[in-house]
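Dear colleague,

I am passing on a structure that I would like you to look over before you set anything up with it. The sequence and the coordinates come first, and my notes on what was found follow.

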Number of protein chains: 2
Amino acid sequence: MKAVVFFATGFEECEALIVVDILRRAGIETVMVSVTELLEVESSRHIVLRADAMAADVDYASADLIVLPGGRLGTENLKDSRAIQDIVKDFAADKMIAAICAAPSILASLGLLDGRQATCHPDYENQMAGAILTHESVTVDGNIITGQGLGTTFDFAFEIVKRLIGNRKVQQIKTAICYK
Amino acid sequence: MKAVVFFATGFEECEALIVVDILRRAGIETVMVSVTELLEVESSRHIVLRADAMAADVDYASADLIVLPGGRLGTENLKDSRAIQDIVKDFAADKMIAAICAAPSILASLGLLDGRQATCHPDYENQMAGAILTHESVTVDGNIITGQGLGTTFDFAFEIVKRLIGNRKVQQIKTAICYK
């Protein structure tokens, strides 16, 4: 199993990194991919980290899942990238997409949530045209997993692991990290 | 209010970064301090990030709180640092210390938990000599806050904000990040 997590300037740090952490604990190959001009990417609260690869250099054909973290500016930067738009549309056809907080609005803007159940941060519900909003912490509709916000990121990551690996692995990780 | 969060090689990334994120949301000046030879520090799951300052360059007199994240190797590296030992002992006298997961064992090794209530990761309970173990998610005893593990980091961070700022700020942040 292989996952790609996108890092754009202004990404919500822990929405991205909790997912990377939990997926790596689950044994899923997880590639941190920069959607800027450099491997170094600055988060919404000014934490600079180094991604593993540049967006143009990734073999998406071998990936099972893409993850779109939120953050106001991070989401704008992902939404404005033509390359990301094309990758998201490709994955929507037959692979898995996970988006949290502001980022589900990227899927809505591409028409991918029309008639589908989804959740997002309350501040972005007006940018979810076509979606059936659930207002839940995490929502799954077919191959699209959406999460509400930073405070729901563990459950969002567990839902991804459940779909890619299985619930037994989720329970193992919850025990290991003292998650109740 | 000012907090110092220590980053040693092998730190548990989200135990450190959720705290940085929540404290910055609360308006607490939060300095990410490297306890290595460089500003760049590598986490337990191989994420490299840039700290704000080197441990030797920080004005600890102006800080109200130090935070010790866990991670097996990260905790060993903090425990082995004479400089960190001295800083921890200074803060134990009249300021606030917060430690999570494996890191409460650093406090125990310095004799700072003798007769005091504390929690830690189950794997480290045998390294908590002197402490009265609560097995709780988060425990406060006087000026020492301890947390159990990665899965309790949000509650650990909220307890810090509650003590430094107040419960009203905690509730504002919980609402903003959709934390239930």
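**Sheets and strand pairing**

In chain B, seven strands form an open sheet of mixed pairing, in the order β5-β2-β1-β6-β7-β11-β10. Its edge strands are β5 (53-54) and β10 (138-141) of chain B, each of which pairs on one side only. Please keep in mind throughout that this is a predicted model; the predictor gives the complex an ipTM of 0.97 and a pTM of 0.97, and for chain A the mean pLDDT is 98, with 100% of its residues at 70 or more.

Within the sheet of chain B, strand β1 (residues 2-7) and strand β2 (residues 29-34) run parallel and are joined by six bridges, and the bridge partner of B:Lys2 in β2(B) is B:Glu29.

Chain A likewise has an open, mixed sheet of seven strands, in the order β5-β2-β1-β6-β7-β11-β10, with β5 (53-54) and β10 of chain A at its edges, each pairing on one side only. At one of these edges, strand β2 (residues 29-34) of chain A pairs with β5(A) in the parallel sense over two bridges, and A:Val33 stands opposite A:Ala53 in β5(A). At the other edge, β10(A) and β11(A) run antiparallel and are joined by four bridges, with A:Thr146 in β11(A) as the bridge partner of A:Thr139. The hairpin that these two strands make has two residues between the strands, and A:Gly142 there takes a positive phi near 60°.

**Helix α5 and the core**

Helix α5 (residues 153-164) of chain A lends itself to a simple check of geometry: at 1.5 Å a residue, its twelve residues should span 16 Å, and its end C-alpha atoms are 17 Å apart, which agrees. Among the buried residues of α5(A) are A:Phe154, A:Phe156, A:Phe158 and A:Ile160. The buried residues of this helix pack against α1 (13-25) and α6 (167-176) of chain A, and also against the strands β6 (65-68), β7 (96-100), β10 (138-141) and β11 (144-147) of that chain. After α5(A) comes A:Gly166, whose phi is positive, near 140°.

The largest nonpolar core has 130 residues, and those with the most contacts inside it are A:Phe6 and B:Phe6. Leaving aside residues up to four places away in sequence, A:Phe6 touches A:Val33, A:Val35, A:Ile66, A:Val67, A:Leu68, A:Leu78 and A:Ile84.

**How the two chains meet**

How many residues does each chain bring to the contact between chain A and chain B? In chain A, 25 residues are in contact with 25 residues of chain B. Both α1 and β4 (48-50) of chain A supply at least two residues each to the side that touches chain B, and α1(A) gives the most to that side, with seven residues.

As for the relation between the copies, a rotation of 180° with 0.0 Å of shift along its axis superposes chain A on chain B, at an RMSD of 0.0 Å. The two copies are thus related as by a two-fold rotation axis, and in chain A the C-alpha nearest that axis is that of A:Leu49, 2.0 Å from it. Because 100% of the interface residues of chain A are also interface residues in chain B, the copies meet through the same surface.

With kind regards

Terms used
Residues are numbered from 1 along each chain as its sequence is written. Chains are lettered from A and ligands numbered from 1 in the order in which they are written. This is a predicted model: local features need pLDDT of at least 70, side-chain atom pairs count only at pLDDT 80 or more; totals for chains, interfaces and linings use all residues. Copies are superposed by least squares on the C-alpha atoms of residues with pLDDT of at least 70 in both. Two residues are in contact if their C-beta atoms, placed from the backbone, lie within 7 Å. The expected span of a helix is 1.5 Å times one less than its number of residues. A residue is buried if 20 or more other C-beta atoms lie within 10 Å of its own, exposed if 12 or fewer, and partly exposed in between; C-beta atoms are placed from the backbone. pLDDT is the predictor's confidence in each residue, from 0 to 100. Two strands pair if DSSP finds at least two bridges between them. A nonpolar core is a set of buried Ala, Val, Leu, Ile, Met, Phe, Trp, Tyr and Cys residues joined through C-beta atoms within 7 Å.
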